[in-house]
Amino acid sequence: MITLTWLLLIALAGGVLTIVDGIWRLRARGGSTVIGIIEIIVAGLFVLSLFLTGIPFGSLVLGIATLVVLVVALIMRGRLGMTLTIIALVLMAVWIVLENRWLVIPGINS
């Protein structure tokens with residue numbers, strides 16, 4: 001059974017926004033197709049790893065990989081806007097910090 005927590009919602013929001021950003025990169029005319037494909041695959045695996053236990057590497061490693069892909073996508077932005085990428089990047093960074101308990105906020109990751 002899956003318990004709905006704030007930490008799970010932050011991770012889901014970051015993963016889904018990363019998938020949407022990857023789809024927008026694939027559909028854009030001047031977009032970078034390779035980064036979009038990698039973004040969709042890594043973010044899809046990250047979202048699946050939150051619910052399934054058989055995904056290799058685990059959710060933390062896939063979260064860090066998603067963060068790295070988002071940074072690369074932000075640097076190689078092309079004609080696509082940066083807003084969605086920055087929001088997804090911030091959500092993934094917040095999730096990694098809270099998941100590792102580097103910052104403890106009562107009610108979120110206590």
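**Exercise 1. Fold and overall dimensions**

Count the helices and strands of the protein chain, and give their order.

Solution. The protein chain has 4 helices and 0 strands. Helices here are DSSP runs of H or I with at least four residues, strands are runs of E with at least two, and both are numbered from the N terminus. Along the sequence the pattern reads α-α-α-α. The model is predicted: local features need pLDDT of at least 70, side-chain atom pairs count only at pLDDT 80 or more, and totals for chains, interfaces and linings use all residues. Residues are numbered from 1 along each chain as its sequence is written, and side-chain values use heavy atoms, with hydrogens and water left out.

Next, the dimensions. What radius of gyration does the protein chain have, and what would a compact globule have? The chain has 14 Å. A compact globule of 110 residues would have a value near 13 Å, so the two agree. The radius is taken over C-alpha atoms, and the globule rule is 2.2 Å times the number of residues to the power 0.38. The C-alpha trace spans about 45 × 30 × 20 Å along its principal axes.

**Exercise 2. Burial, surface and contacts of the chain**

Give the buried share, the surface and the share of long-separation contacts for the protein chain.

Solution. Start with burial. Of the 110 residues, 33% are buried. Buried means under 20% relative accessible area, exposed means over 50%, and partly exposed lies in between (1.4 Å probe, protein chains only).

Then the surface. The accessible surface comes to about 6500 Å². Carbon and sulfur atoms hold 73% of that surface. The areas come from the Shrake-Rupley method with a 1.4 Å probe; for residues, only the protein chains shown count as cover.

Last, contacts (heavy atoms within 4.5 Å). Take those with a separation of 6 or more: 61% join residues 24 or more positions apart.

**Exercise 3. Helix 1 against helix 3**

Describe how helix 1 and helix 3 cross, and which residues meet.

Solution. Helix 1 covers residues 6–27, and helix 3 covers residues 58–75. Their axes come within 12 Å and cross at roughly 35°. Axes are lines fitted to C-alpha atoms, for helices over the stretch in contact, and angles run from 0 to 180 degrees between N-to-C directions. The crossing is left-handed. That is, the near helix is turned anticlockwise from the far one by less than a right angle; clockwise would be right-handed.

Now the residues. Helix 1 brings T18, D21 and R25. Helix 3 brings T66, L70, A73 and L74. By class, the contact has 3 nonpolar, 2 polar and 2 charged residues. Ala, Val, Leu, Ile, Met, Phe, Trp, Tyr, Cys and Pro count as nonpolar, Asp, Glu, Lys and Arg as charged, and the others, Gly among them, as polar.

**Exercise 4. T66, R25 and R77**

Is T66 buried or exposed, and what does T66 touch?

Solution. T66 sits in helix 3. Its relative accessible area is 1%, so T66 is buried. Beyond its neighbours within four places in sequence, T66 contacts T18, V42, A43, F46 and M92.

Turn to R25 in helix 1. R25 is buried too, with a relative accessible area of 1%. R25 and I40 are 15 residues apart along the chain, and their C-alpha atoms are separated by 9.8 Å.

R77 lies in the loop between helix 3 and helix 4. R77 is partly exposed, at 42% relative accessibility. Not counting residues up to four places away in sequence, R77 touches R25 and M82. From R77 to L4 the C-alpha distance is 34 Å, with their positions 73 residues apart in sequence.

**Exercise 5. Positive phi**

Where do F57 and R101 lie, and what are their phi values?

Solution. Most residues other than glycine have a negative phi. F57 has a positive phi, near 80°. F57 lies in the loop between helix 2 and helix 3 and is exposed, at 67% relative accessibility. R101 also has a positive phi, about 60°. R101 lies in the segment after helix 4 and is partly exposed, at 48%.

**Exercise 6. G107**

Place G107 and give its exposure.

Solution. G107 lies in the segment after helix 4 (83–99). Its relative accessible area is 53%, so G107 is exposed. G107 and M92 are 15 residues apart along the chain, with C-alpha atoms separated by 19 Å.
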